[in-house]
Amino acid sequence: MSKQKKQGSKVNRQIAGVHLTSKIWQTFVAVLGVTFGVSMYIFMNSFMNGVNATQDDLAFSTLAHVRIYNDDEVRTYDPVNDVFQEANTLVNLRNRKSIQYTEGIKNTSRIISIVEKQPEVAGVTPQLNFSVFFRNGSKKINGSISGVDVLGENELFGIADKVVEGDWNELETRKSGIILGKVLAQKLNVNVGDNVNVMTPEGVSKNYEVLGLIETSVKDIDKSRAYLNITTARQLQGENFDYSSDIQLNLNDKDRTAEIVRRLEPLVPYQVESWQTANQQMVAGSQLRNIIAIAVSLTILIVAGFGIYNIMNMTINEKIREIAILKAMGFSGKDILRIFLTQATVIGFVGGITGVGLGYGISSLVHRIPFKIAGLSTLPISYQLQDFVAALAFGIATTLLAGYLPARKASKIDPVVIIRG
């Protein structure tokens, strides 16, 4: 850059500085508009990220990313057609019945070995779920048993952290023990160390010692579910050592289930279902919240941009004679454009940086507001670096666009027409 151009740029910046400081209130309002837009963008996205993360934590405390199970599907196979294949054969069937050929997963170890070979899988565990009656004295409550691999269940769902009394790991060594939902234990009037009777729909009954109480964020689970070691659950059900009703698996990325489901379906003779397929309402709710947050944030930034446009337009109208004099003195249209774009850049940068700090401050304050529901203690907030970068970039870009339009108008002013009046 030549010395003359450097000198010209310096003069342009000095003029822009004079414009910014001569009307300090207008400059302050313009900066405030950008600050407000950027801070609200950061707050809204941090709040929505927190809500989505909390919802995921609550949902995936009991829900796996992919579930393998044996559905009670209706088979269309008819052996009569294989025996009587001649045409015009009349067959008379009486008292025809549907027969269930398989129930549950009888070769759990083989299925798990197939699943574990997939590189996306972070963890896998079998479950044996069935309905039972819990009894203590005259009290009889309908509920369900979840027979689990103690270590695998904790690896997938972090369930040991939800045990409020007793120790989850005792279930691994004490096969005669049971862990009850906290509300279920209250209804049965039993505590840790007491015995509780479990009876299956087939009439098999057995007593278990209560090893612990569990409290999740899902009330239905707390008041109806109990956990047994899967070996004990198989014995109670009279099933073989490799039997299960479900195989649960988590992935490294919970949103990339489609590929693993497509790959496992031809390898596994059971239903393979992703959490998105089983919980479409949850997926729709999360996506709608994200859309609303982005729409609100962008609206705030665009409104702030219009405010800046109006302020820049007013500044140019007020300084129209000064601009004409500058052009008469030899300033080109590009110089005028640079002067006002410099003003817009300063407003956007100062407002953006201030907005980032204000947005973080507002989010931190909201994160301290008590909110004691479903295991939460305060309103959820989750910070993501890309939100701060996007807010700052979009705030500066909006300000530059809002400043460019009136600056372009100023660069085309004819000084002769303005000075003559």
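This is a guided tour of a predicted model, moving from the whole chain to selected strands, helices and residues.

**The whole chain**

Begin with the entire chain in view, coloured by secondary structure if you like, and you will find 16 helices and 10 strands. The radius of gyration is 34 Å, well over the 22 Å that the globule rule gives for 421 residues, so the chain is more spread out than a compact globule. If you turn the C-alpha trace along its principal axes, it spans about 110 × 70 × 40 Å.

Switching to a surface display, you are looking at an accessible surface of about 23200 Å², of which 56% belongs to carbon and sulfur atoms. Of the 421 residues, 43% count as buried. Among contacts in the chain with a separation of 6 or more, 77% are accounted for by residues 24 or more positions apart. Should you colour by charge, the chain has 43 positive and 38 negative charges, and the mean positions of these two sets are 16 Å apart.

**Strands E2, E3 and E8**

Next, select residues 121-136, which form strand E2, together with residues 139-148, which form strand E3; these two strands pair in the antiparallel sense over 10 bridges. At the hairpin, pick asparagine 136 and look across to its bridge partner in E3, lysine 139. The hairpin has 2 residues between its strands, and glycine 137 takes a positive phi near 65° there.

Keep E3 selected and add residues 225-229, strand E8, which pairs with E3 in the parallel sense over 5 bridges. To find one place where they meet, select valine 148, whose bridge partner in E8 is asparagine 229. While the strands are on screen, it may help to recall a general point: in a regular strand the side chains alternate between the two faces of the sheet.

**Strands E6 and E7**

Return to E2 and add strand E6, which runs antiparallel to E2 and is joined to it by 3 bridges. One pair to select here is phenylalanine 133 with its bridge partner in E6, methionine 199. Is strand E6, residues 195-199, largely enclosed or largely open? Because 4 of its 5 residues are buried, E6 is largely enclosed by the rest of the structure.

Now extend the selection to strand E7, residues 205-214, which runs antiparallel to E6 and is joined to it by 5 bridges. Methionine 199 appears again at this step, since its bridge partner in E7 is serine 205. E6 and E7 form a hairpin with 5 residues between them, and in the turn you can select glycine 203, which has a positive phi of about 95°.

**Two single residues**

For the next stop, select helix H2, residues 24-59, and within that helix pick out asparagine 45. At 9% relative accessibility, asparagine 45 counts as buried, because the cut-off for that term is under 20%. Which residues touch asparagine 45, leaving aside its neighbours within four places in sequence? Show Ser297 and Asp387, and you have the residues with which asparagine 45 is in contact.

Finally, move to the loop between helix H15 (385-411) and helix H16 (415-420), where you will find lysine 412. With 58% relative accessibility, lysine 412 counts as exposed, because the cut-off for that term is over 50%. As a last step, draw a distance from the C-alpha of lysine 412 to the C-alpha of threonine 354: the two residues are 58 residues apart in sequence and 33 Å apart in space.

Terms used
Residues numbered from 1 in each chain as written. Predicted model: local features only at pLDDT ≥ 70, side-chain atom pairs only at ≥ 80, totals over all residues. Heavy atoms only, no water. Rg over C-alpha atoms; globule rule 2.2 N^0.38 Å. Buried < 20%, exposed > 50% of the residue type's maximum accessible area, 1.4 Å probe, protein only. Contact = heavy atoms within 4.5 Å. Areas by Shrake-Rupley, 256 points an atom, 1.4 Å probe, with all protein chains shown as cover. Lys, Arg positive; Asp, Glu negative; His and termini not counted. Charge placed at Lys NZ, Arg CZ, Asp CG, Glu CD. Pairing = 2+ DSSP bridges.
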